[in-house]
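This report describes the strand arrangement and the domain organisation of a protein for a reader new to it. The sequence and structure are shown first.

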Amino acid sequence: MYKILEKRELAMRNTWYKIYAPHVARKVKPGQFAIVRAFKNGERIPLTPVMWNQEEGWIVLIVFTRGKTTMRMAMELKEGDSIPNIAGPLGNPAEMKKFGRILAIGAYTGIVEVYPIVKAWQQIGNNVTTLHVTFEPMVILEEELKEAVGRHIIEAVPVDMSKSFPENMKNVTERLVEKVRELLETENWDLVFMVGPTGDQKAVFEVVRKFGVPMRADLHPIMVDGTGMCGACRVTVGGEVKFACIDGPEFDAYEVNWDELIARSGYYTDMEMRAMQEYMQSLQGGGQ
Ligand SMILES: Cc1cc2nc3c(=O)[nH]c(=O)nc-3n(C[C@H](O)[C@H](O)[C@H](O)COP(=O)(O)OP(=O)(O)OC[C@H]3O[C@@H](n4cnc5c(N)ncnc54)[C@H](O)[C@@H]3O)c2cc1C
Ligand code: FES
């Protein structure tokens, strides 16, 4: 069992969990993730250790409230509670070498996965600029990133309360693409790296490839076991079938079949929406 040492709301729909998980803290490297089963009989979801302490044995997870499991975590878990399973570290660490000038982009909570990687890249002598594009109430890790890298840019998009969340997200995508284009037009880069929703990663890639700058991306297909056994995280990269959990999660953006990845990620949307609605009804006392 993994005790929650600290839990707090970091920003809108973003929750911070400091968890005692010594076997993960001891071995994890930037770029790796863990598979977390937060409730007995609950589903397993991939989450990224954002910070950790080997001696004290804790890791920090920052979780965006997206569907049923992440909402249950935000609503039901308390400081002092224990989580049944945290498996990891899993996946491959990010490559640690001198690339030169790096533009590292995090859309929404994707910035939490960017953080440990860019911190290490900057420490080994790269010149890293981070770009966080999100909604105004969802800006996180501002101070930490300013300290960790050469330059941190925030593009915070206001939320239009008269519009739905997906409609608002279109404004974020527009701002993201505009800002990336501006940075590519005005400065020279040796590498672009991005974590965020797959549609936004594809939109950024379409801009980056026009400038011919190398780009790498951490992919977010659905994952179940995280060990290459179930096939859920299958992606096509360079015409070959890869499993994001054991071959990734980072891949060359030029080789990824983005359309297939977007289509596969939407397979379970109806079921996920239903699970979320049923959970919300149960909270209001109307569920079964
Ligand atoms: C390697 C990796 C690292 C991640 N790290 C973080 C992190 O540090 N913080 C964070 O907030 N999120 C992270 N995610 C995304 C997180 O796993 C999903 O938001 C979460 O699984 C959604 O679960 P849910 O039940 O709340 O939503 P659901 O209702 O299950 O799903 C909502 C949406 O999330 C996606 N999703 C669902 N299940 C999974 C799954 N098992 N794997 C990937 N995507 C899924 C689906 O495409 C769906 O559209 C990471 C994903 C990957 C692949
Ligand atoms: S998550 Fe099962 S094979 Fe990758």
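Five strands form an open sheet in the order β5-β6-β2-β1-β7, with antiparallel pairing. At its edges stand β5 (51-53) and β7 (82-83), each of which pairs on one side only. The model is a predicted one. Within this sheet, β5 and β6 are joined in the antiparallel sense over three bridges, and Asn53 has Trp58 in β6 as its bridge partner.

A further antiparallel pair is made by β14 (residues 234-237) and β15 (residues 240-243). Thr236 stands opposite Val241 in β15. Two residues lie between the strands of this hairpin, in which Gly238 adopts a positive phi near 60°.

The two strand pairs are set out below.

| Strand pair | Sense | Bridges | Facing residues |
|---|---|---|---|
| β5 and β6 | antiparallel | three bridges | Asn53 and Trp58 |
| β14 and β15 | antiparallel | four bridges | Thr236 and Val241 |

The protein as a whole is divided into domain 1 (2-90) and domain 2 (101-265). Their C-alpha centres are 21 Å apart. Across the boundary, 17 residues of domain 1 are in contact with 19 residues of domain 2. On the side of domain 1 that touches domain 2, at least two residues come from each of β1 (2-11), β3 (33-37), β4 (44-47), β6 (58-64) and β8 (85-90). By character, the residues of that side of domain 1 comprise twelve nonpolar, three polar and two charged. Strand β6 thus appears in two settings: it belongs to the open sheet, and it supplies residues to the side of domain 1 that touches domain 2.

How values were computed. Residues are numbered from 1 along each chain as its sequence is written. Chains are lettered from A and ligands numbered from 1 in the order in which they are written. This is a predicted model: local features need pLDDT of at least 70, side-chain atom pairs count only at pLDDT 80 or more; totals for chains, interfaces and linings use all residues. Domain bounds come from an automatic or database domain assignment. Two residues are in contact if their C-beta atoms, placed from the backbone, lie within 7 Å. Ala, Val, Leu, Ile, Met, Phe, Trp, Tyr, Cys and Pro count as nonpolar, Asp, Glu, Lys and Arg as charged, and the others, Gly among them, as polar. Two strands pair if DSSP finds at least two bridges between them.
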